Amino acid sequence: MFKPKTKGLFIDISEFSILAVRTSGYKHPMVVEGVAEFPMTLDCCADEVRAFLGQFVDFKGVNYYVSRCGVYPKGRFLFCYEAESVNKLKKADFLLKVLQDEFNIDPETNSISILDGRNGSDFDIENSVSKQLLFCGAPAAAFQEAQDQLLSYGIYPDRLELSTVSTLGGVSDYARMNQLNAPILCVELTSECAHVFIMSNGRLEVARQVPFGLDSIYPLLQRELGLKDEVSAKKLFHSNTFDFAEMGRKLLRRLMKELQATSGFFEVKTGLTIDRLFVGVLPKNLSWVSKTISDSLGIEILQPDFEAWLESLNVTLADDVEIANIGPRWLGVFSQIGEFQLREESQSE
């Protein structure tokens, strides 16, 4: 029924695409043997995705291929929290009350993880001395929907991660390796909303959700181009037939106001200057979004050197694997492969 774990398969699945990485296994040192992408178009079906994955890994004789997967469930959240004292965080009922009262998160209907805000490790309620926490998760029903989707593709997730969190871990580790000490603005833009983060020296300093995303652009695009309806605008927006660079600032006006307010407040509060931008998830044909934000804010786009970063994580590339031009969004799936704590442990020895 299940394919034995002779090869590793890592998948990052969003509303835009499936990014897949095949490796020599799940243990380090590891070799990346292949990378592949499947665009999630409006009319694609489960059989097409299964056929794509079946060509990428050997599905013969089995119903499911065991994989490690990152997902972007609807309603996902990531909040920063700092308590008045460490002692307050020793009480589980206090943490539940914070979730409900400050962030409007129902512990009964959501799958929730609590992380140490200093380094992203699991929060140890008994022994931690940190006052900074990260609450992350999503509705349990949304995680179940994501898992059911993967199963329909013939993928059995033996590990299901919140891609938003693992990607931020990757950004942090990449910055640490390259001694990028200035804050980094991270944007995760999807149809329904935008998640905005600021990373600085290995810590998540700002996490907020903007309640509008790509869907809010289609009515504006319809008016600008005189299209008959929003459906036509959406199809054009996601096609490769139109260059939106010239009208980028107009289309992203609402988002830019939020990013300018968030980054400006952070810089005034801390005295630090954000000098890099990371935009994940969005497919290659929407790369103009990153450039528009970068030009508007006057900050440089983070363009990871994946090969050097992976080598630092004890992961190498097979001779026929070329990843020099795949784009920053692949950092999400590669972040699932890395074991960042091993770097921290070796540096502390």
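In this predicted model, the side chain of Ser130 makes a polar contact with the side chain of Asp116, at 3.2 Å. A second partner for the Ser130 side chain is the backbone oxygen of Gln132, which lies 3.0 Å from one of its polar atoms. If you would like to find Ser130 on screen, look in the loop between β7 (110-116) and β8 (132-139).

Is Ser130 buried or exposed? Its relative accessibility is 2%, and buried means under 20%, so Ser130 counts as buried. Setting aside neighbours within four places in sequence, the residues in contact with Ser130 are Val86, Leu89, Asp116, Gly117, Arg118 and Phe123. Val86 deserves a second look: 44 residues separate it from Ser130 along the chain, while the C-alpha atoms of the two are 6.3 Å apart.

Let us move on to another side chain that reaches a backbone oxygen. Arg22 sits in strand β3, which covers residues 17-23. From there, the side chain of Arg22 reaches the backbone oxygen of Phe56 at 2.9 Å. Phe56 also appears among the residues in contact with Arg22 once neighbours within four places in sequence are left aside; the others are Gly8, Val31, Val32, Glu33, Gly34 and Val57.

Now for a pair of helices. Two packed helices are described by the angle between their axes and by the distance between those axes. For helix α5 (residues 217-225) and helix α6 (residues 230-237), the axes come within 8 Å and cross at roughly 95°. Angles of 65 to 115 degrees count as roughly perpendicular, and α5 and α6 are therefore roughly perpendicular to each other.

Which residues meet where α5 and α6 come together? On the α5 side they are Ile217, Tyr218, Pro219, Leu221, Gln222 and Leu225, and on the α6 side Glu230, Ala233, Lys234, Leu236 and Phe237. By character, the residues of this contact divide into 8 nonpolar, 1 polar and 2 charged.

It is also worth viewing α5 by itself. Its buried residues are Ile217, Tyr218, Leu220 and Leu221. Seen down the axis of α5, these buried residues fall within an arc of 160°, so they line one face of the helix. They pack against α6 and also against α7 (248-251). Just after α5 comes Gly226, with a positive phi of about 65°.

Key: Residues numbered from 1 in each chain as written. Predicted model: local features only at pLDDT ≥ 70, side-chain atom pairs only at ≥ 80, totals over all residues. Heavy atoms only, no water. Helix = DSSP H or I, 4+ residues; strand = E, 2+ residues; numbered from the N terminus. Polar contact = N/O pair within 3.5 Å; in protein donor to acceptor, adjacent residues only side chain to side chain. Contact = heavy atoms within 4.5 Å. Axes fitted to C-alpha atoms, helices over the stretch in contact; angles between N-to-C directions. Parallel < 35°, antiparallel > 145°, perpendicular 65-115°, else oblique. Nonpolar A, V, L, I, M, F, W, Y, C, P; charged D, E, K, R; others polar. Buried < 20%, exposed > 50% of the residue type's maximum accessible area, 1.4 Å probe, protein only. Arc of directions from axis to C-beta.
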